[in-house]
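Work through the exercises below with the sequence and the model at hand. Each task is followed by a solution in steps.

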Amino acid sequence: MDTGLLKLGVNVDIQRTDGRIHSAVVSGINSDTRSVTVEWFERGETKGKEIEIDAIFQLNPEFLPPAARSSPENGNAVDNFRYIPKETPRNVKSQGVKPSYSRLPDDHSGGGGNIGCQPDLNNMDNLQGGDEMRKNNNNSYRKKSNCVKEVEKIKQKRVERRAQQIALREQQEQDYDTSQPSWEFDAMIREFRKTLEYRPITNTDPIENHQICVCLRKRPLNRKEADRREIDVITVPNKDLVIVHEPKQKVDLTKYLENQSFRFDYSFDENSTNEMIYRYTAQPLVECTFAGGMATCFAYGQTGSGKTHTMGGDFSSKGKQDCTKGIYVLAASDVFKLLSSKYKKADLTVGASFFEIYSGKVFDLLNNKQKLRVLEDGKQQIQVVGLKEEEIQRVEDVLRLIQHGNNVRTSGVTSANNHSSRSHAVFQISLRKRGSRKLHGKFSLIDLAGNERGADTSSSDRQTRMEGAEINKSLLALKECIRALGRRGAHLPFRASKLTQVLRDSFIGENSRTCMISMISPGMSCCEHTLNTLRYADRVKELGPGGPVEGKPSDYSPTAGGGLSPQKSDLEVLRNANEGELSEEMFEFHEVISHMQEEEEAVIDEHREIVEQSYKWIDVDKKLLKMTDDVDYDVEAYAKQLESLLSKKIDAMVQLREKVKNLRQELQQEEFLSKNIKRMK
């Protein structure tokens, strides 16, 4: 680049942004950007700026290259510039330069010799307009600095970006309902679904044989969710895959989706019917019972996800349920079909029982909710003492029993459901040899309580805490028992909960089969509970046959617990196998709950025995009093017998009092631990 006569240290005239013209010293020359850096002294301090070389040549034409001054194109370049800087030394240093403020170009009198403006004799006609011409020429020759150019580029990009955002917003308003609270997530989910290939399960797909079958069912959005304008965050693209679109938000409030995939034996979307669910889940287990096996089908999931709908049938309101379309009746119907055709000569009878497990206690739904006792006999067989089993002859009998049981089953009103089940309901179909009543096979269908209640262990109400703790413990125990079913010779921790205790015979033997139907809700507000359900179901399946083994070995021996009781030993199994799910504090809480339930049962049994014994004591009292009616009765014998009777009464009362005292201590310990858990949360 030709910088002409410009060099470091020379004095040049510059023009400020407010129009002032004064001298400054060149302190730097940049050939790449065709600019120079100048400095001047003003108001006691040194200032500087970067100026285009062409702007310097505009005010200082004497520094133009010699070729540019006399070129044919430019003519006499020096004469074309109307401003001539005053003659000052050019080699002064920057710190010694005094500001030379702009001079008025329209003052051409003889007394202005210091101004340095000379009239152009060849252009006298233009002398009057010289001021405007010089201003226009200066503006036309000045170029913008690099800083100004960068700012303008940024401004232009911002304008373009805002225009694109406005256009995108207008397009989105046309494609989506932007009045919906979560329309951005809905738009992202729709875009993701466009990339998927859909192949949902149909009635023509083959039925696979599994000892442990885990499947998933997605229900449609209900009326409440539709009124809240919730979005569907669950996608079931094919027969064994489910995708959860979990809404997330970054620190900078940017919204995005975390798409999590789960794979099961079968996945059913919202269009699947109860008949289709039954065909792939419970129907293959019916024939297992005729072969002498123990089959179990569980419905698991959040409250309001469709468990009772799937197992019992459609609900219209509390107490009104169309049981003909539930798995209970569909299974019973197939039992009678096989009994009258393929197994007609087997000489079997069909019996049904229906009971619920609520807060660690068992109640008979077919016998006025009578409380039942679960005991283990000398052969280590579990017996439900007093359970009523009715012999059934037809499907109508099953309908009658189910409707009666559902009417008295423990339920409550929640935000998710007006008819929310708060207990595990167990409906069992038993096949027995005619005459001997020996058990041939059994099919247990279980409608589990809502899994979100298991976390409700810090409630201020003891009954709610007990309910939540028992659900939590029973679900963990159920998972471990299903694991043990998939591993030959593994320890079965059935004593850890009442649910697994009454179902013990369904988890042992080579001819035992289990199916779990996991129910999920599609709404965005249920996303957390949905993920918990899917993780639980996935954990059960991946540890079954053919799946990778995770966690600690399940062949835990109960003798490893030393002198622990069988129930406490099984609780230890749960803690070892679920370290991430069962904390030390929660394990201690479950221990206290279990011990408290044992103490409660002991107190009730002792109290019942004392009441029954009291009738006998009253008879003895009457005899002793009658003895005193005789004139010459034996006083010593009377006193001796009365003392013996009173000793028996006192001993019984003292023992009962000690047990009641222990029970109260357990209640206080439970209260204390529940508060600690609440504080930690």
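**Exercise 1. Confidence along the chain**

Among the elements of the chain, which has the lowest mean pLDDT and which the highest?

Solution. The model is predicted, and the lowest mean pLDDT among the elements belongs to helix α3 (residues 77–80), at 47. Strand β9 (residues 266–268) has the highest, at 94. For the chain, the mean pLDDT is 79, and 77% of its residues reach 70 or more. Next, look for stretches where pLDDT stays under 50. One of them covers residues 77–130, for which the model has 73 contacts beyond four places in sequence. Another covers residues 543–563, with 33 such contacts.

**Exercise 2. The four-stranded sheet**

Determine the strand order of the open sheet of four strands, then its edges and its pairings.

Solution. Step one is the order: β1-β2-β3-β4, with antiparallel pairing. Step two is the edges. β1 (11–15) and β4 (45–52) each pair on one side only, and these are the edge strands. On average, neighbouring strands of this sheet are turned by 45° against each other, direction ignored.

Step three takes the pairings in turn. β1 and strand β2 (residues 21–30) run antiparallel and are joined by five bridges. Within this part, Ile14 has His22 in β2 as its bridge partner. Strand β3 (residues 35–42) and β4 also run antiparallel, with eight bridges between them. Here Val36 is matched with its bridge partner Ile51 in β4. The link between β3 and β4 makes them a hairpin with two residues between them, and Arg43 in the turn has a positive phi of about 55°.

**Exercise 3. Helix α11 and its contacts with α9 and α12**

Describe how α11 packs with α9, and then how α11 packs with α12.

Solution. Two packed helices are described by the angle between their axes and the distance between the axes. Begin with helix α9 (residues 283–290) and helix α11 (residues 327–340): the angle is about 45° and the axes are 10 Å apart. The two helices are therefore oblique to each other. The crossing of α9 and α11 is right-handed. On the α9 side, Gln283, Val286, Glu287 and Phe290 take part, and they meet Ala331, Asp334, Val335, Leu338 and Leu339 in α11. Sorted by class, this contact has six nonpolar, one polar and two charged residues.

Now take α11 with helix α12 (residues 395–408). Their axes come within 9 Å and cross at roughly 155°, which makes α11 roughly antiparallel to α12. This crossing of α11 and α12 is right-handed. From α11, the contact uses Tyr328, Val329, Ala332, Ser333 and Phe336; from α12, it uses Val395, Val398, Leu399 and Ile402. By class there are eight nonpolar residues, one polar and no charged ones in the contact of α11 with α12.

**Exercise 4. Helices α13 and α17**

At what angle do α13 and α17 pack, and how far apart are their axes?

Solution. Helix α13 (residues 462–485) packs with helix α17 (residues 584–627) at about 110°, and their axes are 11 Å apart. α13 and α17 are therefore roughly perpendicular to each other. The next step is to list the residues. α13 contributes Met466, Ala469, Glu470, Asn472 and Lys473, and α17 contributes Met586, Phe589, His590, Ile593, Ser594, Met596 and Gln597. Sorting by class gives six nonpolar, four polar and two charged residues for the contact of α13 with α17.

Notes: Residues are numbered from 1 along each chain as its sequence is written. This is a predicted model: local features need pLDDT of at least 70, side-chain atom pairs count only at pLDDT 80 or more; totals for chains, interfaces and linings use all residues. Side-chain values use heavy atoms; hydrogens and water are left out. Axes are lines fitted to C-alpha atoms, for helices over the stretch in contact, and angles run from 0 to 180 degrees between N-to-C directions. Angles under 35 degrees count as roughly parallel, over 145 as roughly antiparallel, 65 to 115 as roughly perpendicular and the rest as oblique. A crossing is left-handed if the near helix is turned anticlockwise from the far one by less than a right angle, and right-handed if clockwise. Contact means heavy atoms within 4.5 Å. Ala, Val, Leu, Ile, Met, Phe, Trp, Tyr, Cys and Pro count as nonpolar, Asp, Glu, Lys and Arg as charged, and the others, Gly among them, as polar. Two strands pair if DSSP finds at least two bridges between them. pLDDT is the predictor's confidence in each residue, from 0 to 100.
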